[in-house]
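Biologist: I am new to reading protein models, and I would like a close look at one part of this one. Could you take me through a single helix and the company it keeps?

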Amino acid sequence: MRLRHSLFLMAPLFVGALTGCGEGLEEPVTPEAPITEQLGATESAASTAGITPHFQQWLLANGYKDDNFARYELAGGSYGGRASSTDTVVNTPVIFIHGNSDKAVGTGTAGQSGWSASLDYFLANGYKTSELYALTWGPADIMQTAVQYHSKPNIMRVRRFIEAVKAYTGASKVDIISHSMGVTLARKAILGGSANDSANGGAYNVGAPLTNSVDTFVGIAGANLGLTSCYQTGPTTPTCGSTNGLYPGYLYFGVVYGRSTFLDNLRATSGYEGAYRYSIYSTADEIIGYGGIVYGDYTSRIPGQQGEKVYSAYPYGHYNSKDLTGAVQYSMVRNHVVP
């Protein structure tokens, strides 16, 4: 059993005492579970060697050389691909998008379980490596947690990976399962349209919507309305930024003002993430906190979703909502059913 402490993972981002979004909101107090039971990380059967040589060769031959989706320099940096040209793709390909400072496949590093548990579940239930894909969109460094945001490089990396997997597999649609910041990154990658990142050239266009390319979208423990902890710190870090971060704004006479421009863009319309849209989250999430509520609404809900799986107690927190729900994720993408 390899263990990781989820609170340690987010320490660079959530500094100091947390306060709620608006007056009178208090963090609910829950009994702390024993340290050996808090984290739910297990050994994985999923390969940490990276995408298959066949997929890598296809990427190099089809204009994706500079994307470095393989991330071979990073153990667990990527996953997926055919074993050879005769390998088949029968199931709808599933693309996994991790959260802030995580990576594609866990290797036992504190705070980086990746998608190991989900990959293991899907592999044990009829899927093959040629039908399961994951990338590492960030530096996979917990010391850089607070400086990660919805940047142009991050959004376009996720976007191009989705396009590459669809083209490589020849599938008419893909399924997408995302976690934490990966939820909002993936939603923008699918939504497309205009965006702005002053640190990376200013205004740019993500491209046309990919809605028709996605069958099922699953968002796990996302911060679609922002993070309460960012209200306490203010938009002082890139992650909590008021332009491309998770700043939730402030409440004034029942109206929210100043929410992140990026989040408002995602909220301007709904139903674009795919044909089927689900969320998984816990009101005991130790990272989102405050029962998962931001100004009266659950921040992990996806506008226009068709179903949700909600947990309310240990062991389902921010990370175990991902690591312990492989069967739920499977049911959502395979059967379009919330178990």
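Modeller: Happily; what follows is a walk around helix α4, with a few other places to compare along the way.

A word on trust comes before the details. This is a predicted model, and the mean pLDDT of the protein chain is 89, with 87% of its residues reaching 70 or more. Residues 1–42 are another matter, since pLDDT stays under 50 there, although the model has 85 contacts beyond four places in sequence for this stretch. Where pLDDT is low, the predicted coordinates should not be read in detail. Let us leave that stretch alone, then, and turn to the helix.

Helix α4 covers residues 152–169. Two packed helices are described by the angle between their axes and the distance between the axes. Try that on helix α2, residues 53–61: the axes of α2 and α4 are 11 Å apart, and the angle is about 110°. Angles of 65 to 115 degrees count as roughly perpendicular, so α2 and α4 are roughly perpendicular to each other. If you want to find the meeting place on your screen, look for H54, F55, W58 and L59 on the α2 side, and for F161, A164, V165, A167 and Y168 on the α4 side. Sorted by class, this contact has eight nonpolar residues, one polar residue and no charged ones.

Now find helix α5, residues 181–191, whose axis comes within 9 Å of the α4 axis and crosses it at roughly 65°. These two helices are therefore roughly perpendicular to each other as well, and α4 passes α5 in a right-handed crossing. From α4, the residues N154, I155, V158, R159 and I162 take part, meeting L185, A186, K188, A189 and I190 of α5. The contact of α4 with α5 divides into seven nonpolar, one polar and two charged residues.

Next, a loop. S213 sits between β6 (202–205) and β7 (214–220). Is S213 buried or exposed? Its relative accessible area is 15%, and buried means under 20%, so S213 is buried. Setting aside neighbours within four places in sequence, the residues in contact with S213 are K166, S172, K173 and V174.

Finally, for a helix that is mostly covered, go to α9, residues 326–335, where seven of the 10 residues are buried. Those buried residues are G326, V328, Q329, Y330, S331, M332 and V333. Just after α9 comes H336, with a positive phi near 55°.

How values were computed: Residues numbered from 1 in each chain as written. Predicted model: local features only at pLDDT ≥ 70, side-chain atom pairs only at ≥ 80, totals over all residues. Heavy atoms only, no water. Helix = DSSP H or I, 4+ residues; strand = E, 2+ residues; numbered from the N terminus. Buried < 20%, exposed > 50% of the residue type's maximum accessible area, 1.4 Å probe, protein only. Contact = heavy atoms within 4.5 Å. Axes fitted to C-alpha atoms, helices over the stretch in contact; angles between N-to-C directions. Parallel < 35°, antiparallel > 145°, perpendicular 65-115°, else oblique. Nonpolar A, V, L, I, M, F, W, Y, C, P; charged D, E, K, R; others polar. pLDDT = per-residue confidence, 0-100. Left-handed = near helix turned anticlockwise from the far one by under 90°.
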